[in-house]
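Here is a friendly walk through one chain, from its overall build down to a few backbone details. Keep the viewer open as you read.

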Amino acid sequence: MPMEKTFDAATNEAEIFAKWEAINAFKAGANASREETFSIMIPPPNVTGALHIGHAFNNTLQDVLVRWKRMQGYDTLWQPGQDHAGIATQLQVEKMLAEQGGETRAEMGREAFTAKVWEWKEKYGSTIVNQLKRLGASCDWDRNAFTMDKVFHDAVLKVFVDLYNKNLIYRGKRLVNWDPHFETAISDLEVENIEVDGHMWHFKYPLAGGATYEYIEKDEDGIVTLRETRDYISIATTRPETMLGDGAVAVHPDDERYAPIVGKLCEIPVGPKEHRRLIPIITDDYPDMDFGSGAVKITGAHDENDYGVAKRNNIPMYRLMDTKAQMRGDGLDYEAAATRAKAISEGADWQDSEIDALNLVPDAYRGMDRFEARKAVIADIDAEGLMIEVEDKKIMQPFCDRSKVVMEPMLTDQWYVDAAKLAGPARDAVSDGRVKIIPESGEKVYFHWMNNIEPWCISRQLWWGHQIPVWFGPSIDETGQIIDVLGKQFCAASESEALDKANKYYRDMLGSKIEIGILPFEDNSEGNRPEPMPMASGAGWGDNPPKFTNVTLSRDPDVLDTWFSSGLWPIGTLGWPDWTDDTKKYFPTSTLITGQDILFFWVARMMMMQLEVVGEVPFDTVYLHQLVRDEKGVKMSKTLGNVIDPLVMIDEYGADAVRFTMASMASIGGSLKLSTEQVVGYRNFGTKLWNAARFAEMNECKPSVGFDPSKVTQTVNQWIVGETARALEGFNTALDAYRFNDAANGLYAFVRGQVCDWYVEFAKPLFQSDDAAVVAETRATMAWAIDQCLILLHPIMPYITEQLWGDIAPREKMLVHADWPLYNSADLATPSADAEMRWVIGLIESIRSVRSEMRVPAGAKIPMVQLQLDTAGTQALARNAMLIQRMARIEDISEATDAPKGAITIAVEGGTFCLPLADIIDIDAENARLSKAIEKLSKEVGGLKGKLSNEKFTAKAPAAVVEENRQRLVSAVEEIEKLEAAMKRLADLG
């Protein structure tokens with residue numbers, strides 16, 4: 001049955017994938033002929049996700065490697081799976097509940113809500129899996145993992161307990177990114193900083209007791225430019241509502257302007273006058289003397305930089321807001337709280353727990369939304385005449401990625417990993433070469449992070465996720481007196497283990513066994529912790545201990561950060577700690593391909609976790625890539641309307657075209673710019689391959705059993721065999737070095753250029769030969785060459801190559817399991833054939849170039865004159881004259897000593913030819929056209945140079961716009977050079 005005229009991607013791709021799955025083509029170990037393993041862990045997409053262009057790019061590169069290694073006979077595993085995506089999934093389910101008009105999350109309770117999430121996961125969680133299959137991802141889908149599966153969940157809890165018992169996990173109060181909508185801590189990666197129109201308010205903080213000082217400003221030469229007596233210090237802020245929690249004002253120790261008042265107190269200019277708080281003026285290296293007034297208010301509980309200053313200087317950090325980012329309404333009234341804060345500012349002792357409990361929000365602002373409070377604070381300060389000015393300016397506003405509300409830095413109790421203690425082995429693994437990061441610039445970033453690592457916040461105030469395996473109960477002393485109602489922690493992988501630990505603790509402390517209860521799961525949330533126990537009498541047990549029977553444990557309601565569980569992805573997906581021979585052989589894994597933006601959030605944490613838990617690195621190579629941007633280098637966004645949907649591209653042009661586009665632009669460390677035109681171009685490339693295969697079929701080219709490419713005799717056939725061997729070597733070398741773009745572009749040049757263009761044309765005269773042996777050899781060679789194209793292209797373009805593989809001839813096995821070639825150019829290349837055919841191609845290309853430059857009509861046949869030629873060239877010309885004349889549209893070839901007037905010379909290796917064109921083209925008209933084109937381009941070049949030399953343009957214009965103009969300049973200059981070369985040729989004609 002003859003081949004179809006075209007490849008129908010919409011129909012054929014689904015059919016081909018079904019065939020692969022039917023034979024378990026992607027099963028771990030499929031097609032293995034060697035003991036060496038090659039394993040890749042897919043960066044788990046969110047279970048809520050849909051395939052976006054980043055997924056398409058990342059997974060294409062992984063699939064290229066896996067298919068290549070599988071065909072090479074490695075025991076391969078591409079481990080798929082999805083992340084439970086705590087906050088994203090909870091958002092989706094809450095949206096669903098709202099649309100259905102049923103109970104809210106809070107109304108249904110934790111257990112019922114998590115059950116709903118599981119229902120949602122079962123219904124929608126396979127979306128991303130099916131979309132990855134459309135891309136052609138050859139994962140072992142039977143092993144598909146999920147970070148909330150029981151095996152994975154048990155592994156996560158075991159690691160938590162182990163780290164807790166090693167004192168590597170602890171609970172503490174630190175500043176975190178807080179999402180007021182979801183009321184949870186979030187990671188830095190979940191915060192998007194966006195430039196918005198904002199204000200900088202400048203206020204006076206009066207000095208305590210009406211004190212004054214001489215304020216002096218000097219220029220860079222030390223000349224006094226301002227001298228005045230002040231009774232205040234000037235403070236600038238973009239968040240006036242946080243002034244209520246100021247603990248100090250900081251100035252730089254070298255700032256002479258404020259030296260007279262360092263150590264003195266100043267007044268926060270807001271709140272009831274009779275209870276105004278006084279705070280100290282301190283020195284710290286953080287303030288920038290040249291920015292604003294050089295004085296900075298320190299609100300440690302609501303600003304990351306201020307937090308550091310407060311920690312260094314033992315400044316109290318007063319929390320102003322509740323979990324919804326409303327001004328606090330709890331605690332003591334303002335008068336009592338302010339009185340205590342005043343005593344603290346004057347030197348009274350204090351503890352962190354007391355500071356956190358103090359509510360220093362004046363009664364008038366309590367319960368207000370933070371932005372409403374901002375307006376009220378500004379109005380009150382302005383009414384008192386203490387506002388100096390309001391400055392309009394652009395500010396970077398942190399928005400929560402999921403909820404889209406403004407992130408609030410918040411001082412809260414969270415669980416932390418002592419990351420500094422885990423960082424050393426992970427740092428060493430890269431520095432000693434056990435793990436290689438590509439590109440090398442990634443290593444510098446990695447070392448910077450690891451050398452400056454902070455405690456890792458691993459708790460989230462959500463319901464969906466791995467609940468913290470810690471239960472709280474009252475801590476007591478040996479007399480039975482309660483020390484802290486929730487002061488005793490019982491960390492265990494299960495509730496029964498926690499009960500056993502609690503029984504042992506209280507039995508050891510009290511000398512008798514007691515009843516231990518667990519707070520019901522659905523009530524186990526903040527605000528539902530147990531009240532103090534009846535035993536809190538403060539008295540010793542004496543000889544008659546009371547019946548202490550009502551201890552109730554409360555499990556921590558928080559869940560683990562998804563980065564904690566995904567940090568265990570390599571071992572968790574392979575069944576650790578219950579290793580089997582079938583799983584452990586794939587660990588450590590081989591290569592990780594992921595985005596540069598999560599080098600720290602995921603890669604570094606996997607390094608730390610695996611080294612701590614199992615004592616081995618999780619992979620040997622990390623390949624980092626950048627974000628995929630649009631063709632101008634601009635980040636894709638729905639707002640800009642420049643998002644390219646890979647599924648739409650697959651629908652329209654096929655998965656192969658999308659995949660080849662991804663691979664072709666994957667240069668190491670390079671920017672990733674994508675356009676639809678690229679995808680269209682590679683779709684056309686697939687069509688070119690298809691047409692070449694049909695040409696071979698029409699010429700009865702079928703794979704020949706026993707064909708030996710090293711034994712071919714015809715020069716053209718010898719040449720294509722050598723080119724094929726070099727293409728294989730180039731592809732292997734490129735992929736070994738993770739140069740995906742070189743691998744793809746090398747194949748493109750070989751398949752499209754050498755095979756589909758040149759060899760197809762060169763073979764036509766051989767097919768018409770009267771020598772049956774020549775015809776048979778050429779048919780066998782072309783069939784072999786086409787097969788090699790399919791094999792080499794398969795890792796990048798699996799669908800069309802698999803279809804052709806089956807259409808061309810019956811095969812023992814599908815292309816996905818074909819053996820990767822082992823030949824090389826040293827064995828297959830014929831130097832004389834290579835030299836001859838390269839000479840022929842060079843001459844034809846030179847003739848075509850002149851025809852194009854001189855605008856010779858495409859259908860016109862022109863004469864060519866041989867001026868001088870060495871022996872090798874003469875022989876090559878004699879053997880290939882008809883081929884050259886047909887492909888370059890040459891009417892005849894004559895010989896002469898000198899070039900006739902009006903001829904353009906062409907230099908080739910070993911000689912010179914010329915093309916008499918004076919009577920074929922209108923030289924004057926062509927000169928005029930070229931002159932006009934050069935003039936137009938020169939004006940464009942001038943404008944672009946002027947724009948790019950303007951510092952204001954290069955500083956203020958988007959980077960993508962600047963880069964676009966630079967590229968336009970380069971292109972325009974290159975085009976002028978081509979046109980000038982053409983004019984020079986025309987001058988030679990005259």
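## Helix H11 and its surroundings

Let us begin with one helix. The buried residues of H11 are covered by, among other things, strand S7 (191-206), strand S15 (387-400) and strand S16 (408-417). Please keep in mind that this is a predicted model.

Which residues of H11 are buried? They are Arg370, Ala373, Arg374, Ala376, Val377, Ile378 and Ile381. As a general point, an α-helix has 3.6 residues a turn, so residues three or four places apart point the same way. The length of H11 is easy to check: its 14 residues (370-383), at 1.5 Å a residue, should span 20 Å, and the end C-alpha atoms are indeed 20 Å apart. At the N-terminal end, Asp369 acts as a cap, with a side-chain oxygen 2.9 Å from the backbone nitrogen of Phe371. Just beyond the helix, Gly385 has a positive phi of about 75°.

## The whole chain

Stepping back, the chain holds 31 helices and 32 strands. Its C-alpha atoms fill a box of roughly 120 × 75 × 55 Å along the principal axes. Of its 990 residues, 53% count as buried. When contacts between residues at least 6 apart in sequence are considered, 79% join residues at least 24 apart.

## Cores and cavities

In soluble globular proteins, nonpolar side chains tend to be buried together. Here the largest nonpolar core has 214 residues, and those with the most contacts inside it are Phe160, Phe564, Phe740, Phe762, Met782 and Trp839. Helix H23 (residues 740-767) gives the most to this core, namely 15 residues. A second, separate core has 39 residues, including Leu207, Val270, Ile281 and Leu386.

What does Phe160 touch, leaving aside residues up to four places away in sequence? Its partners are Ile169, Trp415, Ile458, Ile468, Pro469, Val470, Cys491, Leu560 and Phe564.

The whole structure also contains three cavities of 30 Å³ or more. The largest of them has a volume of about 50 Å³. Its lining is made by Ala693, Ala696, Glu697, Cys701, Lys702, Met782, Ala783, Ile786 and Ile808. Helix H21 (676-698) and helix H24 (772-793) each supply at least two of these lining residues. Met782 thus appears twice: it is among the residues with the most contacts in the largest core, and it also lines the largest cavity.

## Loops and backbone details

Asp418 sits in the loop between S16 and helix H12 (419-431). Is Asp418 buried or exposed? Its relative accessibility is 18%, below the 20% cut-off, so Asp418 counts as buried. Asp418 touches Leu168 and Tyr170, again not counting residues up to four places away in sequence.

Two cis peptide bonds deserve a look, and the table gives their places.

| Cis peptide bond | Omega | Loop holding the proline |
|---|---|---|
| Ile438 and Pro439 | about 0° | between strand S17 (436-438) and helix H13 (441-451) |
| Phe587 and Pro588 | about -5° | between helix H17 (581-584) and strand S25 (591-595) |

Positive phi values also turn up in residues other than glycine. Asn167 has phi near 60° and belongs to the loop between helix H7 (150-165) and strand S5 (169-179). With 58% relative accessibility, Asn167 counts as exposed. Glu183 has a positive phi of about 55° and is found in the loop between S5 and strand S6 (184-186). Its relative accessibility is 24%, so Glu183 counts as partly exposed.

Definitions and conventions. Residues are numbered from 1 along each chain as its sequence is written. This is a predicted model: local features need pLDDT of at least 70, side-chain atom pairs count only at pLDDT 80 or more; totals for chains, interfaces and linings use all residues. Side-chain values use heavy atoms; hydrogens and water are left out. Helices (H or I, at least four residues) and strands (E, at least two) are DSSP runs, numbered from the N terminus. The expected span of a helix is 1.5 Å times one less than its number of residues. Buried means under 20% relative accessible area, exposed over 50%, partly exposed in between (1.4 Å probe, protein chains only). Contact means heavy atoms within 4.5 Å. A polar contact is a pair of N or O atoms within 3.5 Å; within protein, one must be able to donate a hydrogen and the other to accept it, and residues adjacent in sequence count only if both atoms are side-chain atoms. A nonpolar core is a set of buried Ala, Val, Leu, Ile, Met, Phe, Trp, Tyr and Cys residues joined through side-chain atoms within 4.5 Å. On a 1 Å grid over the protein atoms alone, a cavity is a set of points where a 1.4 Å probe fits but cannot get out, and a pocket is an open set with protein on both sides within 12 Å along at least five of seven lines; lining residues have an atom within 4 Å of a point. Grid points are joined across faces, edges and corners, and a volume is the space filled by probe spheres set on the points.
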